[in-house]
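Visitor: Please take me through one part of this model in detail. Start wherever you like, but keep to what the coordinates show.

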Amino acid sequence: TGETPENAPHDCPGPQSEEAGKQSTCEGCPNQGACASGANKGPDPDLEAILERLSGVKKKILVLSGKGGVGKSTFSAQFSFALAESDARQIGLMDIDICGPSIPKLLGLEGQQVHHSNLGWSPVYVKDNLGVMSIGFMMAADEAVIWRGPKKNGMIKRFLRDVDWDELDFLIIDTPPGTSDEHLSITQYLNEAGVDGAILITTPQEVALADVRKEINFCKKVGIPILGVVENMSGFVCPSCKGESQIFKPTTGGGEKMAKDMDVPFLGKIPLDPRLARACDEGKFFMTEFPDSPATKAYQQIIEKILTAVDAK
């Protein structure tokens, strides 16, 4: 039916692939015959339900990076907090990092649980206009998620199909690093529902930029519009003396040069501020806690650019 079965092997090429049922990794799979015959090809039967569920969401934005540890979840959390400062907006934040969900911590929602109703799963609310969904609400804090790709994809589908988001102005989707199962699953459904774009997070050093280039190419291949690149941890500004120093030196030009070379927008640079890490640990909105921080000013300018780019679409 178009979706990778849960009992498929880890390296399953997917029932839509031309190699379905024919690769060596397919040997021994109970679905091999059906895949080889083409019986498993076709539209996902849940797609219509997902499109219906997301029909009330005006703007859908992915936060991506090929590299882990560059601050995707921090950006997603602070971006969502900032959008929700306007009571006129309804904001949803979906955490699809199945193996490393940090959004509950960053939003001050640790220990909360998802509730069920006849309308589906109810998001956990930070405030009346900011709802959150994460697998972190469904497991113990230190519990490891040891799932193969198909099971992770199934949970992402449930987040899209079963969560009662109601009417949203923005749905922000925080993703894990890489370009694998979770990314293919979310893009498959969002391309059908209409994705407004992706924000790519990097840090200045080449070890991060190399992976973000791959993420940019991934977006181009699967047809996701790129709203722009954010360079995180871009210098350190001392909260006391306001002096700036480079912690991660941009040896190959940093995110701005990479964005120019790859012909994608550059949204700006966010400097390191140790108070941001503290705000994240405490689940607080950094920009209201420390309005005079250079990082706050950088966030404000970047978010303004994102809203302008989204409104122009």
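**A loop, and the sheet beside it**

Guide: Ala140 has a relative accessibility of 47%, so this residue counts as partly exposed. The cut-offs matter here: under 20% is buried, over 50% is exposed, and partly exposed lies in between. The model is predicted, so read every value as a computed one. Ala140 sits in the loop between E6 and helix H5, which covers residues 149–162. Compare Ala140 with Ala34: 106 residues separate them in sequence, and their C-alpha atoms are 38 Å apart in space.

From that loop, step back into E6 and on to the sheet. The sheet is open and has eight strands. Their order is E5-E6-E2-E7-E1-E8-E9-E12, and the pairing is mixed. E5 (124–127) and E12 (266–269) are the edge strands; each has a single partner strand, so one side of each lacks a neighbour in the sheet. From one strand to the next, the twist averages 20 degrees. Strands of a sheet pair through backbone hydrogen bonds, in either a parallel or an antiparallel sense.

Walk across the sheet from the E5 edge. E5 pairs with E6 (residues 130–134) in the antiparallel sense, over three bridges. Tyr125 has Gly131 of E6 as its bridge partner.

Next, take E2 (residues 91–95). E2 and E7 pair in the parallel sense, with five bridges. In this pairing Leu93 faces Ile172, the residue opposite it in E7.

E7 covers residues 168–174. Seven of its seven residues are buried, so E7 is largely enclosed by the rest of the structure. On to E1 (57–64). E1 and E7 run parallel and are joined by six bridges. Here Lys60 stands opposite Leu171 of E7.

E1 also pairs with E8, in the parallel sense, over four bridges. The bridge partner of Leu62 is Ala198 in E8.

E8 spans 197–202. Six of the six residues of E8 are buried, so this strand too is largely enclosed by the rest of the structure. In a regular strand the side chains alternate between the two faces of the sheet. For E8, both faces are covered. Gly197, Ile199 and Ile201 are buried on one side. Ala198, Leu200 and Thr202 are buried on the other.

E9 covers 226–231. E8 and E9 run parallel, joined by five bridges. Leu200 stands opposite Val229 of E9. Beyond E9, the strand order ends with E12.

One helix deserves a look against this sheet. H11 (residues 294–311) lies across E1, E7, E8, E9 and E12. Relative to E12, H11 runs at about 170 degrees.

Now two loops that lead into strands of the sheet. Most residues other than glycine have a negative phi. Asp166 is not a glycine, yet its phi is positive, about 60 degrees. Asp166 lies in the loop between H5 and E7. With a relative accessibility of 54%, Asp166 counts as exposed. Asp263 also has a positive phi of about 60 degrees without being a glycine. This residue lies in the loop between H8 (254–261) and E12. Asp263 has a relative accessible area of 70%, so it is exposed.

Then the aromatic rings. A pair of rings is described by the distance of the centres and the angle of the planes. Five aromatic pairs are counted. One of them, Phe286 with Phe290, is tilted: 5.5 Å centre to centre, with 40 degrees between the planes. Phe286 and Phe290 are both buried. Phe75, Phe79 and Tyr299 make up one aromatic cluster.

Last, put the sheet in its setting. The protein has 11 helices and 12 strands. A compact globule of 313 residues would have a radius of gyration near 20 Å, and the 20 Å of this protein agrees with that. The C-alpha trace spans about 70 × 45 × 40 Å along its principal axes. Of the 313 residues, 51% count as buried. Contacts reach far along the chain: of those between residues at least 6 apart in sequence, 75% join residues at least 24 apart. The accessible surface is about 14,100 Å², and carbon and sulfur atoms account for 48% of that area.

Definitions and conventions: Residues are numbered from 1 along each chain as its sequence is written. This is a predicted model: local features need pLDDT of at least 70, side-chain atom pairs count only at pLDDT 80 or more; totals for chains, interfaces and linings use all residues. Side-chain values use heavy atoms; hydrogens and water are left out. Two strands pair if DSSP finds at least two bridges between them. Axes are lines fitted to C-alpha atoms, for helices over the stretch in contact, and angles run from 0 to 180 degrees between N-to-C directions. Contact means heavy atoms within 4.5 Å. Buried means under 20% relative accessible area, exposed over 50%, partly exposed in between (1.4 Å probe, protein chains only). Rings of Phe, Tyr and Trp (its six-membered ring) pair if their centres lie within 6.5 Å; planes under 30 degrees apart count as stacked, over 60 as edge-to-face and the rest as tilted. The radius of gyration is taken over C-alpha atoms; the globule rule is 2.2 Å times the number of residues to the power 0.38. Accessible areas come from the Shrake-Rupley method with a 1.4 Å probe; for residues, only the protein chains shown count as cover.
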